[in-house]
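Subject: Structure for you to look at

Dear colleague,

Please find below the sequence and the structure that I promised to hand over. My notes on what was found follow after them.

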Amino acid sequence: MTTEELNNLEVKKIVDARGTACPGPLLAAKKAISEIAAGDIMEILSADEGTRKDIPKWATKKGHDYLGTVEESGFFKIFMKKG
Amino acid sequence: MAEKMCIGLFSGSIDRLTAAGVIISGAAADDMDVEVYVLLQGARAFVKGNENKIDSLSENSHLKEEFMAALDKLNVSTWLEFFKMAKEMTNVKVNICSLAGKLWGADKMEDYIDIVDDIIGIGEYIDAAKDADVHFFI
């Protein structure tokens, strides 16, 4: 997906984990995914470099669709669709 | 069946306990079953009244102030918070070696904080280590 497509997704839940370091964002994502339905899209905001790789890997392993990551200044947005 | 992680937690210093907490949390995010076996030095942290008094570093003890300030600034959970969070998320069992507990004046379940599940002998740790998909000694 292009950055524009990602930015235009209809996001069901935004998890702002910019205030925590690894493993905070991963734990926040894990907690939040249980609060949305299959097919819903979740966006995780993180400023932690380790998380940038961890969350897509975790999402795929758990049967969700990793849609892409958008870089912002000082943080990034990770998009995934619940499987 | 869930994958299994086994941890031999020998250390009772704040940095190593925090590392154990981070690792357990990662396993929890991955829905693994975790069995923690708390050995000699580690047991002190799990005795009631001690959990918030853990203040030694295993390395770079001369940099303790900076280390603690950095953890705080990065908003890193305490070792105990990590353990509690992981227990809420997955099947985490905290087992204390009976000898280790005695070293720190604890003998029965009521002597330990509530995240402790059992007091065990060394044989159980060895069996768990044999069965685990991944085993850490911290």
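Two residues are taken to be in contact if their C-beta atoms, placed from the backbone, lie within 7 Å. Please also keep in mind throughout that this is a predicted model.

With that cut-off, helix α5 (residues 122-131) of chain B lies across β1, β2, β3, β4 and β5 of chain B, and runs at about 140° to β1(B). The sheet in question is an open one of five strands, ordered β4-β3-β2-β1-β5 (chain B), and its pairing is parallel. At its edges stand β4 (118-120) and β5 (134-137) of chain B, each of which has a single partner strand, so one side of each is left without a neighbour in the sheet. On average, and with direction ignored, neighbouring strands of this sheet are turned by 25° against each other. A second helix, α1(B), also packs on the sheet, where it touches β1 (4-9), β2 (33-38), β3 and β5 of chain B, and its direction makes about 170° with that of β1(B).

Towards the β4 edge, strand β3 (residues 92-97) of chain B pairs with β4(B) in the parallel sense over three bridges, and Ile96(B) is found opposite Ile119(B) in β4(B). Ile119(B) is also one of the residues in contact with Met109(B), the other being Val116(B), once the neighbours of Met109(B) within four places in sequence are left aside. Met109(B) itself belongs to the loop between α4 (98-103) and β4 of chain B. Is Met109(B) buried, exposed or partly exposed? It has 13 C-beta neighbours inside 10 Å and therefore counts as partly exposed, since that class lies between the limits of 12 or fewer for exposed and 20 or more for buried. From Met109(B) to Gly123(B), which are 14 residues apart along the chain, the C-alpha atoms are separated by 19 Å.

Chain A has an open sheet of its own, in which four strands follow the order β1-β2-β4-β3 (chain A) with mixed pairing. Here β1 (13-16) and β3 (65-71) of chain A stand at the edges with a single partner strand each, so one side of each has no neighbour in the sheet. From one strand to the next, the twist averages 20°. Strand β2 (residues 41-46) of chain A runs parallel to β1(A) and is joined to it by four bridges, with Asp16(A) opposite Leu45(A) in β2(A). Helix α2(A) packs on this sheet, touching β1 and β2 of chain A, and its direction makes about 160° with that of β2(A).

The same helix, α2 (residues 24-33) of chain A, also packs against helix α3 (residues 49-61) of chain A at an angle of about 30°, with the axes 9 Å apart; α2(A) and α3(A) are therefore roughly parallel to each other. Their crossing is right-handed. On the α2(A) side Pro25(A), Leu26(A) and Ala29(A) take part, and they meet Thr51(A), Asp54(A), Ile55(A) and Trp58(A) in α3(A). By class, this contact has five nonpolar, one polar and one charged residues.

Finally, the two chains touch: 10 residues of chain B are in contact with eight residues of chain A. On the side of chain B, the elements giving two or more residues are α1 (14-29) and α3 (79-89) of chain B, and the largest share, four residues, comes from α1(B). The residues on this side of chain B divide into six nonpolar, three polar and one charged.

With best wishes

Definitions and conventions: Residues numbered from 1 in each chain as written. Chains lettered and ligands numbered in written order. Predicted model: local features only at pLDDT ≥ 70, side-chain atom pairs only at ≥ 80, totals over all residues. Axes fitted to C-alpha atoms, helices over the stretch in contact; angles between N-to-C directions. Parallel < 35°, antiparallel > 145°, perpendicular 65-115°, else oblique. Left-handed = near helix turned anticlockwise from the far one by under 90°. Nonpolar A, V, L, I, M, F, W, Y, C, P; charged D, E, K, R; others polar. Pairing = 2+ DSSP bridges.
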